[in-house]
Amino acid sequence: MVQQIRVCNYVTISALTFILYDIAINMDKEITYIWNYRRNHRNGVRIPNRVKIQRIVIQFLFIFGRYYGLFFLTVVFAGTLSSSLPSRFPQSHVRCTSQQCHRSFHLGSCKIYYYYIILAGAVLYTPACNVVLAMRLEVLYRFHNGGPNPSYRKLLGCLVAGEFLVEFAVCIIMALRTTTEVLSPPSLVPWSGCLLGSNITPSLTLASW
């Protein structure tokens with residue numbers, strides 16, 4: 001298990017490095033085409049408020065998709081290395097040794113960690129990407145005169161909403177099951193990251209994908 005976590009940490013750090021590198025070399029284009037997108041116009045033509053709202057939504061989706069991954073990967077990396085955020089502190093009348101208290105805090109914070117990874121990972125991130133994909137497809141398959149195709153737009157909306165509902169339900173079940181399998185590292189193993197007792201959700205993971 002420790003070896004598997006170490007491999008996952010290598011992958012996470014590699015992904016973080018690649019994303020940071022890509023952001024750094026494309027920052028000038030991003031500022032021009034994304035951060036100033038809402039105010040971009042041609043030859044001083046006034047932009048209608050409806051178009052401005054659409055541009056704000058597109059801006060938000062791009063920025064969220066671009067930078068939330070950095071935060072999420074950082075949390076994943078931190079969660080597999082250490083856990084110091086307890087879900088609850090022991091009552092004042094309850095006495096425990098420092099090791100017992102640490103194990104209790106560790107289990108509580110790891111449960112919070114796994115709830116976040118499951119519910120704020122795929123459930124939050126995938127629908128945002130699907131919305132962007134649906135918007136691109138809606139533009140590609142418009143009528144020949146450039147007007148929107150209402151039937152196709154409804155189909156894309158239903159697909160995005162249906163995928164979100166299925167994934168949300170599956171991830172809720174996965175989160176509830178996963179948190180029951182959280183283990184505290186054995187006393188002889190110098191590892192403070194979050195561990196699971198078993199992989200109990202392979203079929204649900206497949207369904208979620």
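**Entry 1: overview**

I started with burial across the whole chain: 29% of the protein's 209 residues count as buried. I am working from a predicted model here. Next I went through the secondary structure and found seven helices and two strands. Reading along the sequence, I noted the order as α-α-α-α-α-α-β-β-α.

**Entry 2: helix α5**

I picked α5, residues 122–140, for a closer look. The helix has 19 residues, and from first C-alpha to last I get 26 Å. At 1.5 Å a residue the expected figure is 27 Å, so the span of α5 comes out close to that.

Which residues of α5 are buried? I listed V123, P127, A128, A134 and E138. They sit on the same side of α5, because the arc they cover around the axis is only 130 degrees. My reminder to self: an α-helix has 3.6 residues a turn, so residues three or four places apart point the same way. Then I checked the other side of α5, where R136, V139 and L140 are exposed.

**Entry 3: the second largest pocket**

I moved on to the second largest pocket, which holds about 460 Å³ of space. Its lining has 19 residues, and I wrote down the ones closest to the centre: M135, E138, V139, R142 and R153. Two of these names were already in my α5 notes: E138 is on the buried list, while V139 is among the exposed residues on the other side.

Which elements give two or more residues to this lining? I found α3 (49–81), α5 and α6 (150–179). The largest share comes from α3, with seven residues.

I also sorted the lining by chemistry. Eleven of its residues are nonpolar, two are polar and six are charged.

Where does the second largest pocket lie with respect to the domains? I put it between domain 1 (1–39 + 49–83) and domain 2 (106–208), because both give residues to its lining.

**Entry 4: T74**

Last stop was T74, which lies in helix α3, the helix that gives the pocket lining its largest share. Is T74 buried, exposed or partly exposed? I have it as partly exposed, because its relative accessibility is 43% and that class runs between the 20% and 50% cut-offs.

I also looked up T74 against L16. The two are 58 residues apart in sequence, yet their C-alpha atoms are 7.8 Å apart in space.

Note on methods: Residues are numbered from 1 along each chain as its sequence is written. This is a predicted model: local features need pLDDT of at least 70, side-chain atom pairs count only at pLDDT 80 or more; totals for chains, interfaces and linings use all residues. Side-chain values use heavy atoms; hydrogens and water are left out. Helices (H or I, at least four residues) and strands (E, at least two) are DSSP runs, numbered from the N terminus. Buried means under 20% relative accessible area, exposed over 50%, partly exposed in between (1.4 Å probe, protein chains only). The arc is that of the directions from the helix axis to the C-beta atoms. On a 1 Å grid over the protein atoms alone, a cavity is a set of points where a 1.4 Å probe fits but cannot get out, and a pocket is an open set with protein on both sides within 12 Å along at least five of seven lines; lining residues have an atom within 4 Å of a point. Grid points are joined across faces, edges and corners, and a volume is the space filled by probe spheres set on the points. Ala, Val, Leu, Ile, Met, Phe, Trp, Tyr, Cys and Pro count as nonpolar, Asp, Glu, Lys and Arg as charged, and the others, Gly among them, as polar. Domain bounds come from an automatic or database domain assignment.
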